[in-house]
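These are my notebook entries from a session with a single chain. I worked through sheets, helix packing and local backbone geometry in turn.

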Amino acid sequence: MLDTLYTGGKIRTFDPEQPWAEALGVTGNTITYVGPNADAPAARHTVQLEGRLVTPGVADTHNHLLLGFDDLAVSLDQVESLDIVRSRIAQFAETHPELEWICAENALYSVVEGRRPNADDLVGVTDKPVFITTYDQHSVWLNRPALAKLGILNGAEIAWGKPERDSVTGEPTGWITDFYTSAMTISGLAELQRDIPIYSPDRRYRKVTNSLDMAARFGITTVVEPQVPLAELDLFARANDEGKLTSRTIAAIYHPVGADGDFRARITEAIAETPQHERFKLGPVKLYADDVIEPHTAAMLEDYANRPGHRGHTSLEPTEFTKLFIELDRLGYLVHTHAIGDWGTRLTLDSIEAAQRANGTRSRHGIVHVECLAPDDLPRFAELGVVAAMQPRHASPDLVAGTWMENVGEQRWDRAWRYRSLIESGARVTFSSDWQVGEMDPLVGVYSAMTRARLDGSDGWTQGERLDLDRTLHAYTQAGAFAFHQESKLGMLRAGYLADLVVWSGDLYAMEPAEILQQSADLTVVGGEAIHDSHGEQGGPKAAPHAANASDWSAGESSCGDVTQGAHHHTS
């Protein structure tokens, strides 16, 4: 007898042998029936779908759990006016006299027209030091009290970024570049935890658990935290001990570009010694090829359109980057590399190709973001077996109109977020949120992939890269399972697979994109258990996850084609 039967709606399985079904049955943590309603076994409990859609659970393959919103920080999400920035910070400072620092999150680069924000823009707002992160976490904006407190006014350097200085006076402007790549180093994180309250372990832990709660509500059954410092692995152990690891979580360990062999030995040691189970896995390594386009720090093959003579920079000198990549591949790490500019992407593809030649491997390395892709490099993803881990919401004019578009220049807009072209070339493409750079809700990403427009439907651009719903959902489900070597257990609704699924509030296939934006996940199920249940259809609004055990993941099996007892996994 089945434990639960889902019937009366549309079930998109993404199983090539049975793409659609009328009914799905679960026993324990496993799917045990997929087929016609008439043949479904009896069940102890039935979920009447009433026309709703069931799909595999969403695999959000790039979701910064550690960067979720902080309840003691000012949200500047989508704020386009400096006056509003100033008023929000002033009001928050006035109502929180107990706080030594005023922290704010998600500022737009374009909040001051024609230039980057600076410390002078915050004069008169508050006498307290102010620390503001940009929406992409790659830059920080400080006021003068913050510059003074951190010693930057007196020439001090910081481990978590590069203070910008006025080209004439040499004085610090209040703008910090290269933040996120520096902040997650051992020294950078230690300084942040010492000086900036938002980076305390307790506040970082609250971000993780709040983000996981959101993931469950949005139908996300697997989440990849793409950049975990070794020093913060214990936050996930704490979340597991407190029953907070609801979605399956894969943590990619951050590898600073300048780290040496001793650091790589520490990664291998951490993978071997950290308890891993059905809800938590280690294995991938995160690397940076370049930075981001908005502050002109992504590596471009040609000059930025509005900065002649400037092409950004790679994170390492190219031959050194390739040497590092070959070494990581030789050690068996599955490498997911941040690459945004077309030069950064080409350097990563060149390095993967060099690693394949040197090591005789063909691993499922991933390139994350791929915001600007040169035509000659598009077919190389399929040729080299590289996964393109992309975020369709990033292509929305809501995020890129203005600074991004102007920096790249209209002559290169046809290189932007080419996910349809990549899919049609035979490349593996996964979709994700990049929370909290973009909204975590995958339906926002679905809409964006289908429209390339703002959320209000306006300003659609580069529309030749729009996707249909089915290929979009595939990129959020089966493709994500494949990227992390889980395609034999997850990503499809097939008998014998783990019962990770989502019941959407309606039949997405019967809707226009704007209607999809109004939908939600009614029921999110991981291993047969409801981690989100908006209507109490399967045990209440939020059933507690069971204790960790190895039944859902084979003991001793590497979840990500990564380091296991030093062996290198050769994958296709």
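**Entry 1. The parallel sheet.** I began with strand β14 (residues 248–254) and strand β15 (residues 280–288), which pair in the parallel sense over five bridges. For the register I looked up Thr-249 and found that its bridge partner in β15 is Phe-280. The model I am reading is a predicted one.

I then traced the sheet outwards. It is an open sheet of eight strands in the order β6-β13-β14-β15-β16-β17-β18-β19, and the pairing is parallel. I noted β6 (58–60) and β19 (428–431) as the edge strands, each pairing on one side only. From one strand to the next, the twist averages 25°. I also checked what lies against this sheet: α6 packs on it and touches β13 (220–228), β14 and β15. The direction of α6 makes about 155° with that of β13.

**Entry 2. The mixed sheet.** I turned next to an open sheet of six strands, with the order β7-β8-β9-β10-β12-β11 and mixed pairing. Which strands stand at its edges? They are β7 (74–75) and β11 (162–165); each has a single partner strand, so one side of each is left without a neighbour in the sheet. Inside the order I examined β9 (residues 130–134) and β10 (residues 140–142), which run antiparallel and are joined by three bridges. Phe-131 has Leu-142 of β10 as its bridge partner.

**Entry 3. Helices α5 and α6.** Having met α6 on the parallel sheet, I looked up its packing with α5. The axes of α5 (residues 201–217) and α6 (residues 233–241) come within 10 Å and cross at roughly 60°. The two helices are therefore oblique to each other, and their crossing is right-handed. On the α5 side I listed Pro-201, Asp-202, Arg-204, Tyr-205 and Val-208; these meet Leu-235, Phe-236, Arg-238 and Ala-239 in α6. Sorted by class, this contact has six nonpolar and three charged residues, and no polar ones.

**Entry 4. Helices α8 and α9.** For helix α8 (residues 318–330) and helix α9 (residues 342–359), I found axes that come within 8 Å and cross at roughly 45°. That crossing angle makes α8 oblique to α9. I recorded the crossing as right-handed. Among the contact residues of α8 are Pro-318, Phe-321, Phe-325 and Ile-326, while those of α9 include Trp-343, Leu-347, Ile-352 and Ala-355. Asp-329 and Arg-330 of α8 also take part. By class, the contact has ten nonpolar, four polar and two charged residues.

**Entry 5. Helices α14 and α15.** I then took α14 (residues 442–451) and α15 (residues 469–476), which pack at an angle of about 135° with their axes 10 Å apart. This makes α14 oblique to α15. Here I again noted a right-handed crossing. Pro-442, Gly-445, Val-446, Ala-449 and Met-450 of α14 meet Leu-469, Thr-472, Leu-473 and Tyr-476 of α15. I classed this contact as seven nonpolar and two polar residues, with no charged ones.

**Entry 6. Backbone exceptions.** I searched for backbone geometry that departs from the usual. Most residues other than glycine have a negative phi, and most peptide bonds are trans. Which residues does a cis peptide bond join? I found the bond between Trp-435 and Gln-436, with omega about 0°. Gln-436 lies in the loop between β19 and α14. On phi, I noted His-369, where the value is positive and near 95°. His-369 is found in strand β17 (residues 366–369), and β17 belongs to the parallel sheet of Entry 1.

**Entry 7. Confidence.** Lastly I consulted the pLDDT. The chain averages 91, and 94% of the residues score at least 70. Over residues 540–572, however, the pLDDT is below 50. I also recorded that this stretch has 90 contacts in the model beyond near neighbours in sequence.

Conventions:
Residues numbered from 1 in each chain as written. Predicted model: local features only at pLDDT ≥ 70, side-chain atom pairs only at ≥ 80, totals over all residues. Heavy atoms only, no water. pLDDT = per-residue confidence, 0-100. Contact = heavy atoms within 4.5 Å. Pairing = 2+ DSSP bridges. Helix = DSSP H or I, 4+ residues; strand = E, 2+ residues; numbered from the N terminus. Axes fitted to C-alpha atoms, helices over the stretch in contact; angles between N-to-C directions. Parallel < 35°, antiparallel > 145°, perpendicular 65-115°, else oblique. Left-handed = near helix turned anticlockwise from the far one by under 90°. Nonpolar A, V, L, I, M, F, W, Y, C, P; charged D, E, K, R; others polar.
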